[in-house]
Amino acid sequence: MGSYIAVTILSYLLYLVLTIGSGDIGLWSLGELVIGIPVAFVAGLAGGKVFGEYIPATLLNPYRWVLFLYYLFVPFFIAMAKANIDVAIRVFTGNINPGIVKIKTGLRKDMALTFLANSITLTPGTLSVDVDENENELYVHWIDVKNLEPEPQEICGDFPQWARRIIE
């Protein structure tokens, strides 16, 4: 039920953004405001089931949205900036020791694992290449392999803890 309501609200907000500047009541016309409600309701019915299957209900919590935004603009941005500098230095010095390593994530939900894999892939010098679905472990191509069984902290910092806080 929550996913239907969330999709309906998000659809109505998207409709309002797309029709902004259309009228005489603030930024919208009365017709646009009224027509948007059934359109959003239909979109909620159509998309609620799909999103309900793949998106955990915990993501409907606005606190997690705030956490996600904080994660994007502070820890993830800092890690990405550091990784860019690290990769640039490695390119100039030739200090590269690439390889594929397996990390134990400790995450339980597929979406959290996907969140972590995408965060790792977006950080220069690392690339998520495969997942062990039974153990929820990731195979990561890493530009600086120091040992074959690294701790997740060595590769991706505190990304697994953030994935757990935001998704699980």
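1. A residue is called buried when its relative accessible area is under 20%, exposed when that area is over 50%, and partly exposed in between. The structure discussed here is a predicted model. Asn-136 has a relative accessible area of 9%, so this residue is buried.

2. The location of Asn-136 is the loop that lies between β2 and β3. These two strands form a hairpin, with four residues between them. The backbone of Asn-136 deserves a look in the viewer: its phi is near 55°, a positive value in a residue other than glycine. Asn-136 thus joins two descriptions, a turn residue with positive phi and a buried one.

3. The hairpin belongs to a sheet of three strands. The sheet is open, its strands follow the order β1-β3-β2, and the pairing is antiparallel. At the edges are β1 (99–104) and β2 (126–132), each of which pairs on one side only. From one strand to the next, the twist averages 30°.

4. Which residues of β3 stand opposite Val-101 and Ile-103? Val-101 faces Val-140, and the bridge partner of Ile-103 is Leu-138. Both pairs can be followed along the junction of β1 with β3 (residues 137–142), where six bridges join the two antiparallel strands.

5. On the other junction, β2 and β3 also run antiparallel, and their pairing extends over six bridges. Leu-127 stands opposite His-141 of β3, while Ser-128 has Val-140 as its bridge partner in that strand. Val-140 therefore appears on both junctions, given that β3 sits between β1 and β2 in the strand order, with Val-101 opposite it in one case and Ser-128 in the other.6. A helix lies against this sheet. Helix α4 (residues 110–122) packs on the sheet and touches β1, β2 and β3. The direction of α4 makes about 155° with that of β2.

7. Met-80 is found in helix α3 (residues 62–93). Is Met-80 buried or partly exposed? Its relative accessible area is 24%, so Met-80 counts as partly exposed. Apart from its neighbours within four places in sequence, Met-80 is in contact with Leu-122, Thr-123 and Pro-124. A further pair to check in the model is Met-80 and Phe-159: they are 79 residues apart along the chain, and their C-alpha atoms are separated by 11 Å.

8. The last point concerns the surface. Ile-5, Ile-9, Leu-10 and Leu-13 make a nonpolar surface patch of about 380 Å². Of these, Ile-5 is found in helix α1 (residues 2–18). Ile-5 has 44% relative accessibility, so this residue is partly exposed.

Terms used: Residues are numbered from 1 along each chain as its sequence is written. This is a predicted model: local features need pLDDT of at least 70, side-chain atom pairs count only at pLDDT 80 or more; totals for chains, interfaces and linings use all residues. Side-chain values use heavy atoms; hydrogens and water are left out. Patches are made of residues with over 30% relative accessible area and no salt bridge: like charges are joined within 9 Å, nonpolar side chains (Val, Leu, Ile, Met, Phe, Trp, Tyr) within 5 Å. Accessible areas come from the Shrake-Rupley method with a 1.4 Å probe; for residues, only the protein chains shown count as cover. A salt bridge is a side-chain nitrogen of Lys or Arg within 4 Å of a carboxyl oxygen of Asp or Glu. Buried means under 20% relative accessible area, exposed over 50%, partly exposed in between (1.4 Å probe, protein chains only). Two strands pair if DSSP finds at least two bridges between them. Axes are lines fitted to C-alpha atoms, for helices over the stretch in contact, and angles run from 0 to 180 degrees between N-to-C directions. Contact means heavy atoms within 4.5 Å.
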